[in-house]
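Me: I am new to this structure and would like a close look at the places where its ligands sit. Please take me through them slowly, in plain terms.

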Amino acid sequence: ASGSNERLRIGFIGPGGRGFGAHVRTLCKLRADGRKIDLVGVAEVYKNQRDKTRDYIEEQTGTAPKCFVDYNEMIEKANLDAVCIGTPDHWHHKQTIDSLHAGLNVYCEKPMTKTVEEAFNVEKIWKETGKVMQVGVQSTSLPVWNEVRDLLQQGKLGKVLGYQTEFFRNSDLGQWRYYKLEKSMTPKSIDWNRWLGIEEDLAPELPFDREVYAQWRRFWPFGSGMFTDLFVHRTTSMLRATGLRLPGRVVGAGGIFLEYDGRQVPDVATVVADFNEGAQGLVTATMCNQESRINQLIRGHYGTFVFGNGEGFDGFDFVPERPQVTHQRDYKDERISTNPVEDTTKAHFANWLDAIEAGNPMMCNNPPDLGAAAIAVVILGAQSYRNGEVYFIDPESREISNKDPGWAKKWEQLSANRSQPQHIPGWKADDFGSTLRDPEYMNLAGPWIDGHEPS
Ligand SMILES: NC(=O)C1=CN([C@@H]2O[C@H](COP(=O)(O)OP(=O)(O)OC[C@H]3O[C@@H](n4cnc5c(N)ncnc54)[C@H](OP(=O)(O)O)[C@@H]3O)[C@@H](O)[C@H]2O)C=CC1
Ligand SMILES: O=C1CO[C@H](CO)[C@@H](O)[C@@H]1O
């Protein structure tokens, strides 16, 4: 139906917590608002959830969708234009590429994939198929990030040095243990091998366990804890705001310092990503303390944008550096207002539908190239923590290595050559906020040769 007056036929893969609560409900709302969409297929392995979704869609739209257990059968038989994927993380890559290859537009929950290699593959197949794909980091549909990127590119902060962001939580149960185990969850009611993806080689064979099933975010084969569950939200927004994409060097840190509840993923973690443009991204958090979060911010040589926490922005602060540094008389503290968005998930779905209607994959606020860059930051951070390695990405070949003895030398060479700083993509401000003053006494610098001072 893309680009025509026909109605868009949408199917749902795994409408569980998020898939039902956000994907199905939001698209029902958008349909009620008059969007030309029909909710025609449901592929869900859990019968209760499948029936619940079918009944809800029928009640809201007057037409029951066709139901399937196997999503490939839905793709084959339901005559779809698009799918929404809401399964746990380890299924995202396979279901996304199966859908793209079938010529469908895709909305896939965050994190886009489970590994960096999978992320690069999704990006490649998305480009090859030309389909519209949105990754479900809904905060990327806040207009504030476009406004920030414009200001950054115009040089408001001078040379951009980096961002910092966070995702703090605290719980007396232990993180993600609030997903309840229920008696009704049994190997009879749940097709465990399909959930694991044994045939598709997506996870190791494990005995059925309600804890793993309901709280999969705590275990490495299915998620990567806060790295992928939470860091991916804020990291994607920061990449969108700055225009930065793949990092050059990533290191992760952390450990399990309190929540000895059988979890495998850390309860305190940090990722530091250095970008080839000469900027550093920091994302840090703990799952055991939340009342003293750090602010999200973007720093430049002439000032900082401070965003506070969360996503409910009605504005952000500009904090200038000292006039002794900036020499800008009109630089003063400023509140820059922005339009808050009431329902970011709805805005994100509407953006996806707009892009499909326009037949323009680049209209999505979180397309797979941005999705892959965010995955590279958070997953390489998780891998670095787990493997005790540091990761480097070659910007041309995209090969990943755990050693680059030339990394520091590259920066040292730029300095030795008195090079111009590099900038974020789209930079329009020449050398504003990007140069150093040379005081008079620097004339005295330089090596003394044969006892003679430099001329
Ligand atoms: N953007 C956001 O703010 C949020 C995003 N999410 C993301 O959404 C995703 C889902 O999380 P959540 O809703 O909590 O998970 P749930 O476990 O609640 O839901 C996953 C659903 O997928 C079904 N499923 C699993 N495998 C398949 C398959 N092969 N084919 C069809 N259906 C399948 C499950 O069925 P069964 O019950 O039988 O396993 C279940 O109903 C995650 O990637 C998570 O990161 C989650 C919350 C918020
Ligand atoms: O934003 C979110 C709310 O919390 C969930 C559980 O940790 C996440 O999966 C989700 O992305």
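Reply: A good place to start is Gln 95, where an N or O atom of the side chain is 3.4 Å from a nitrogen atom of ligand 1. The model is a predicted one, and the distances below are computed from it.

Two further polar contacts of ligand 1 involve its oxygen atoms. For Gly 17 the partner is a backbone N or O atom, which lies 2.9 Å from an oxygen atom of ligand 1. For Tyr 213 the partner is a polar side-chain atom, at 2.3 Å from an oxygen atom of the ligand. On its own, ligand 1 exposes 920 Å², and the protein buries 90% of that area. In total, 27 residues surround ligand 1. The closest of these are Arg 18, Glu 44, Asp 89, Trp 195 and Tyr 213, so Tyr 213 appears both in this list and in a polar contact with ligand 1.

Ligand 2 has its own set of neighbours: Lys 110, Arg 169, Trp 176, Tyr 178, Tyr 179, Arg 217, Asp 229, Leu 230 and His 233. Three of these residues can be followed to oxygen atoms of the ligand. Lys 110 places a polar side-chain atom 2.6 Å from an oxygen atom of ligand 2. Trp 176 does so at 2.8 Å, also with a polar side-chain atom. In the side chain of Arg 217, an N or O atom is 2.9 Å from an oxygen atom of ligand 2. Taken alone, ligand 2 has 290 Å² of accessible area, of which the protein covers 75%.

Two of these neighbours are also worth following along the backbone. Lys 110 is joined to Pro 111 by a cis peptide bond, with omega at about -15 degrees. Pro 111 is placed in the loop between strand E5 (105-109) and H5. Trp 176 is not a glycine, yet it has a positive phi of about 75 degrees. The loop that holds Trp 176 runs between strand E7 (160-166) and helix H7 (192-196).

The loop with Pro 111 leads on to H5, and that helix has a partner. Helix H4 (residues 92-101) and helix H5 (residues 116-129) have axes that come within 10 Å and cross at roughly 10 degrees. The two helices are therefore roughly parallel to each other. From H4, the residues in the contact are His 93, Thr 96, Ile 97, Leu 100 and His 101. They meet Glu 118, Asn 121, Val 122, Ile 125, Trp 126 and Thr 129 of H5. By type, the contact residues divide into five nonpolar, five polar and one charged.

Methods:
Residues numbered from 1 in each chain as written. Chains lettered and ligands numbered in written order. Predicted model: local features only at pLDDT ≥ 70, side-chain atom pairs only at ≥ 80, totals over all residues. Heavy atoms only, no water. Axes fitted to C-alpha atoms, helices over the stretch in contact; angles between N-to-C directions. Helix = DSSP H or I, 4+ residues; strand = E, 2+ residues; numbered from the N terminus. Parallel < 35°, antiparallel > 145°, perpendicular 65-115°, else oblique. Contact = heavy atoms within 4.5 Å. Nonpolar A, V, L, I, M, F, W, Y, C, P; charged D, E, K, R; others polar. Near = heavy atom within 4 Å. Polar contact = N/O pair within 3.5 Å; in protein donor to acceptor, adjacent residues only side chain to side chain. Areas by Shrake-Rupley, 256 points an atom, 1.4 Å probe, with all protein chains shown as cover.
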